[in-house]
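Here is a small set of exercises to work through with the viewer open. Try each task yourself before reading its solution.

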Amino acid sequence: MKIVCFRHRGEEKTLVYIFYSFKSLLNKAVSLSKMNLLIINDHGLFGGGTENRIRIFVEQLIKNKTVHEVHVLQRVSDPREKSGKNIFFHTLPSKQSGYLAAWKIIKEHHINFVQVHNLVSIKPYVVLAAKQAHVPVVWWVHDYWLLCG
């Protein structure tokens with residue numbers, strides 16, 4: 001397991017570097033240009049500091065053609081979301097299991113890598129879905145919620 005800490009200044013470059021440092025987790029047969037990433041965060045790409053960091057990261061990945069598709073599994077949708085050529089939003093209905101939603105997205109969209117952020121309402125079972133699908137997971141801890149709840 002690799003733990004990386006960083007400060008705010010120059011963060012977008014650090015985020016891309018961190019992603020590249022984890023590419024060794026990926027299957028060598030998958031070229032990065034065909035890689036599909038699943039990002040799981042309660043508030044998707046719009047909200048507070050965590051969401052801003054994720055959005056900057058996704059913009060860099062798409063701009064640099066680092067990934068083929070980015071899928072975002074979220075509990076709360078936002079009117080600013082626009083699914084497009086490379087990015088797709090999946091909003092989890094309140095009664096649906098995060099595990100089942102993650103499993104379905106991983107299988108249907110051939111996800112190669114899962115990135116987890118804040119999971120207050122989705123719950124960490126999404127990590128189990130990825131593990132059972134043999135897809136590598138990186139959980140980015142933005143604050144102390146994971147430890148303090």
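## Exercise 1: A residue inside a core

I106 makes contacts with L38, I111, V114, A129, A130, A133 and V135, leaving aside residues up to four places away in sequence. Please keep in mind that this is a predicted model.

**Task.** Find which residues have the most contacts inside the largest nonpolar core, and which element gives the largest share of this core.

**Solution.**
- Step 1. The largest nonpolar core has 18 residues, and L38, I40, L73, I106 and V114 are those with the most contacts inside it.
- Step 2. Two or more residues each come from strand 1, helix 3 (98–108), strand 4 and helix 4.
- Step 3. Helix 3 gives the largest share, four residues.
- Step 4. There is also a second, separate core of 17 residues, with F46, V58, L61 and F113 among them.

## Exercise 2: Reading the sheet

**Task.** Work out the strand order of the open sheet, then explain why one side of strand 3 and of strand 5 is left without a neighbour in the sheet.

**Solution.**
- Step 1. Begin with the inventory: the protein chain has five helices and five strands, and from the N terminus on the elements run α-β-α-β-β-α-β-α-β-α.
- Step 2. The five strands of the open sheet are ordered 3-2-1-4-5, and their pairing is parallel.
- Step 3. Strand 3 (87–91) and strand 5 (137–139) stand at the edges with a single partner strand each, so one side of each has no neighbour in the sheet.
- Step 4. From one strand to the next, the twist averages 20 degrees.
- Step 5. For a closer look at one pair, take strand 1 (residues 36–40) and strand 2 (residues 69–74), which are joined in the parallel sense over five bridges. Here N36 stands opposite E69 in strand 2.

## Exercise 3: Helices on the sheet

**Task.** Determine which strands helix 2 touches and which strands helix 4 lies across.

**Solution.**
- Step 1. Helix 2 (residues 49–63) packs on the sheet and touches strand 1, strand 2, strand 3 and strand 4 (113–116). Its direction makes about 175 degrees with that of strand 1.
- Step 2. Helix 4 (residues 125–132) lies across strand 1, strand 2, strand 4 and strand 5. With strand 5, helix 4 makes an angle of about 155 degrees.

## Exercise 4: An aromatic pair

**Task.** Classify the one aromatic pair of the structure, and say which parts the pair ties together.

**Solution.**
- Step 1. The ring centres of F57 and W140 are 5.3 Å apart and the planes stand at 55 degrees, so the pair is tilted. The cut-offs behind this step are that planes under 30 degrees apart count as stacked and over 60 as edge-to-face.
- Step 2. F57 is in helix 2, while W140 is in the loop between strand 5 and helix 5 (145–148), so the pair ties together parts that are 83 residues apart in sequence.
- Step 3. Both F57 and W140 are buried.

## Exercise 5: Positive phi in loops

**Task.** For K65 and K123, give the phi value, then decide whether K65 and K123 are exposed or partly exposed.

**Solution.**
- Step 1. K65, in the loop between helix 2 and strand 2, has a positive phi near 55 degrees.
- Step 2. K65 has 67% relative accessibility and therefore counts as exposed.
- Step 3. K123, in the loop between strand 4 and helix 4, has a positive phi near 80 degrees.
- Step 4. K123 has 41% relative accessibility and therefore counts as partly exposed.

Terms used: Residues are numbered from 1 along each chain as its sequence is written. This is a predicted model: local features need pLDDT of at least 70, side-chain atom pairs count only at pLDDT 80 or more; totals for chains, interfaces and linings use all residues. Side-chain values use heavy atoms; hydrogens and water are left out. Two strands pair if DSSP finds at least two bridges between them. Axes are lines fitted to C-alpha atoms, for helices over the stretch in contact, and angles run from 0 to 180 degrees between N-to-C directions. Contact means heavy atoms within 4.5 Å. Buried means under 20% relative accessible area, exposed over 50%, partly exposed in between (1.4 Å probe, protein chains only). A nonpolar core is a set of buried Ala, Val, Leu, Ile, Met, Phe, Trp, Tyr and Cys residues joined through side-chain atoms within 4.5 Å. Rings of Phe, Tyr and Trp (its six-membered ring) pair if their centres lie within 6.5 Å; planes under 30 degrees apart count as stacked, over 60 as edge-to-face and the rest as tilted.
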